[in-house]
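Reader: I am new to protein models and would like to go through this one step by step, with the terms explained as they come up.

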Amino acid sequence: MRFWILFSALVTAMTATAQFTQAPLPYSYSALEPYIDSQTMEIHYTKHHAGYISNLNKAVKGTPAEGLSLTALFSRMGEFPDVIRNNAGGHYNHDLFWSVLSPEKSDPSPELLSAVSSAFGNLDSLKKRMNEAGAKRFGSGWAWLSVDPNGKLVVSSTPNQDNPLMSVAEVKGIPVLGIDVWEHAYYLRYQNKRGDYLAAIWNVINWKEVSRRYAEALKK
Ligand code: MN3
């Protein structure tokens, strides 16, 4: 554990000059076992997410996108090449994904629960809607729960590394929960059974963080 903290600090120091950096994972690679296996977590965090950040830093350098925040990039997505869209999305989406997972059990806040009830009926219906959105996504992408511009909860899905903050998204909103349905998120443990992965992931959802994001999104 101590080595891991030192290692994370070293990586942070080495990448300090880059515009976009990777926050430490808030738990160990094995923390979400048996629902998400340790090897998947390690490869996902150290190779996939880290790769999006490194490619994003390279892609913005010396272009009009340099110095813009992720949300600024997303709001003007049509102006930038796909390499920025894919890697900026890849960075933001994974950052959000790690934060909405946790080995510690928690419950949605009363405010979130009440919004879920009025939008979907109950929590189980929300899970069903999210799982359908994830299962129906052809190829790679994400399932999202977002607060739409009218302050209502909405479920959607995006292809590749797109997200609901992007000006190019079909359904726009501020995401409060995102589930990665790329094969790299589940293949080692679940192989082609995306539905089994989606059913299992609800055991490790960090409802405390989803509730915090919901409260934040309503203020915007
Ligand atoms: Mn991923």
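Reader: Is Trp142 buried or exposed?
Author: A residue counts as buried under 20% relative accessible area, as exposed over 50% and as partly exposed in between, using a 1.4 Å probe and protein chains only. This is a predicted model, in which local features need pLDDT of at least 70 and side-chain atom pairs count only at pLDDT 80 or more, while totals for chains, interfaces and linings use all residues. Residues are numbered from 1 along each chain as its sequence is written, and side-chain values use heavy atoms, with hydrogens and water left out. Because its relative accessible area is 0%, Trp142 is buried.

Reader: How many aromatic pairs are there?
Author: Rings of Phe, Tyr and Trp (its six-membered ring) pair if their centres lie within 6.5 Å, and planes under 30 degrees apart count as stacked, over 60 as edge-to-face and the rest as tilted. By this rule, the count of aromatic pairs is nine.

Reader: What kind of aromatic pair do Tyr45 and Trp98 form?
Author: Tyr45 lies in helix α2 (residues 38–60) and Trp98 in helix α4, 53 residues apart, so the pair links distant parts of the chain; helices here are DSSP runs of H or I with at least four residues, strands are runs of E with at least two, and both are numbered from the N terminus. Tyr45 and Trp98 are both buried. With 6.0 Å centre to centre and 65° between the planes, their pair is edge-to-face.

Reader: Which residue forms an aromatic pair with Phe97?
Author: Phe97 in helix α4 is paired with a residue in strand β1, 45 residues apart, and Phe97 is itself buried, with a relative accessible area of 2%. The pair is edge-to-face, at 5.5 Å centre to centre and 90° between the planes, and the partner is Trp142.

Reader: How far apart are the end C-alpha atoms of helix α9?
Author: The expected span of a helix is 1.5 Å times one less than its number of residues. For the 13 residues of α9 (residues 207–219) this gives 18 Å, which agrees with the distance in the model, 19 Å.

Reader: Which helix gives the most to the lining of the second largest pocket?
Author: A pocket is found on a 1 Å grid over the protein atoms alone, as an open set of points where a 1.4 Å probe fits, with protein on both sides within 12 Å along at least five of seven lines, and lining residues have an atom within 4 Å of a point. Here α4, β3 and α9 each supply at least two residues of the lining. With four residues, the one that gives the most is α9.
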